Amino acid sequence: MSNSRIEQIIEEIEDYIDTCKGPLLGSGDKLIVDRGKLEELLRELRMKTPEEIKRYQKVLANKDAILADAQKKAQAIVAQANIQNQEMVNEHEIMQQAYEQANQVIDTATQQAQEILNNATRDANEIRLGAIQYTDEQLAALQGMVQRMVETSNTRYQAMMNNFQDFYDELTSNRAELAPQPPAAPEETQEPQS
């Protein structure tokens with residue numbers, strides 16, 4: 001932003017004072033100035049001051065209006081943010097309730113599933129034990145039947161083997177009776193040769 005005309009005039013006065021010379025003798029704080037030049041600068045300063053003040057007042061008024069508008073917009077943004085925040089809080093509460101309900105449903109389903117599993121396991125164990133007991137009973141009955149068959153078969157087999165042995169012995173005896181006895185061979189003596 002460029003300097004105002006008032007500031008420029010003040011700078012010109014300061015520059016002018018710097019160019020003025022002091023008296024040859026006397027205090028160093030005194031200067032010799034061109035009265036006409038200084039009055040001209042001061043006159044212009046007086047004329048520009050009301051103009052600059054009005055311009056500044058206008059800028060300040062505009063600034064107030066801009067600030068008021070900005071404040072209004074900021075309040076609208078804050079209000080909107082509060083509404084959105086409240087909506088988010090409401091959504092969060094709804095989500096939290098939904099999450100809690102979902103957890104309850106999951107817990108209930110898990111308990112029911114565990115109960116069903118426990119019942120199924122118990123039933124399966126009872127069926128398995130019943131099946132084992134039934135199978136053992138059937139195997140015991142079959143074992144008894146096989147044992148009786150073995151005992152009966154052994155008895156019959158022994159009787160049959162005894163019959164075969166008797167028959168064999170009789171055949172051997174009959175053959176022995178039928179076969180002629182070979183004559184006994186005479187013993188020959190050999191003389192030693194000389």
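**Exercise 1. Is Leu-139 buried, partly exposed or exposed, and what is its relative accessibility?**

Solution. The model is a predicted one, and the reasoning starts from a computed accessibility. Leu-139 has a relative accessibility of 48%. Because buried means under 20% and exposed means over 50%, Leu-139 counts as partly exposed. The residue is found in helix 2, and on the surface it joins Leu-142, Met-145, Val-146, Met-149 and Val-150 in a nonpolar patch, whose accessible area together is about 530 Å².

**Exercise 2. Determine which helices and strands the chain has, and how much of the chain is buried.**

Solution. Begin with the secondary structure: the chain has two helices and zero strands. Helix 1 covers residues 5-19, while helix 2 covers residues 35-178. Turn next to burial, where 5% of the 194 residues count as buried. The accessible surface of the chain comes to about 17900 Å², and carbon and sulfur atoms account for 57% of it. Finally, consider the contacts with a separation of 6 or more, of which 55% are between residues 24 or more positions apart.

**Exercise 3. Locate the salt bridges of the structure and describe the setting of each.**

Solution. The structure holds two salt bridges, which can be taken in turn.

- In one of them, the side chains of Arg-35 and Glu-39 meet with an N to O distance of 2.9 Å. Both residues lie in helix 2, four residues apart, which is about one turn of the helix. Their accessibilities place them in separate classes: Arg-35, at 61%, counts as exposed, whereas Glu-39, at 36%, counts as partly exposed.
- Asp-69 forms a salt bridge with Lys-73, and here the closest N and O atoms are 3.3 Å apart. Because Asp-69 and Lys-73 are four residues apart in helix 2, about one helical turn separates them. Asp-69 has a relative accessible area of 35% and is therefore partly exposed.

**Exercise 4. Identify the residues that gather in the patch of negative charge, and classify the exposure of Asp-18.**

Solution. The patch of negative charge on the surface gathers Glu-7, Glu-11, Glu-14, Asp-15 and Asp-18. Of these residues, take Asp-18 as the worked case, whose place is in helix 1. Its relative accessibility is 64%, and since exposed means over 50%, Asp-18 counts as exposed.

Terms used:
Residues are numbered from 1 along each chain as its sequence is written. This is a predicted model: local features need pLDDT of at least 70, side-chain atom pairs count only at pLDDT 80 or more; totals for chains, interfaces and linings use all residues. Side-chain values use heavy atoms; hydrogens and water are left out. A salt bridge is a side-chain nitrogen of Lys or Arg within 4 Å of a carboxyl oxygen of Asp or Glu. Buried means under 20% relative accessible area, exposed over 50%, partly exposed in between (1.4 Å probe, protein chains only). Contact means heavy atoms within 4.5 Å. Accessible areas come from the Shrake-Rupley method with a 1.4 Å probe; for residues, only the protein chains shown count as cover. Patches are made of residues with over 30% relative accessible area and no salt bridge: like charges are joined within 9 Å, nonpolar side chains (Val, Leu, Ile, Met, Phe, Trp, Tyr) within 5 Å. Lys and Arg count as positive and Asp and Glu as negative; His and the chain ends are not counted. The place of a charge is taken as NZ of Lys, CZ of Arg, CG of Asp or CD of Glu.
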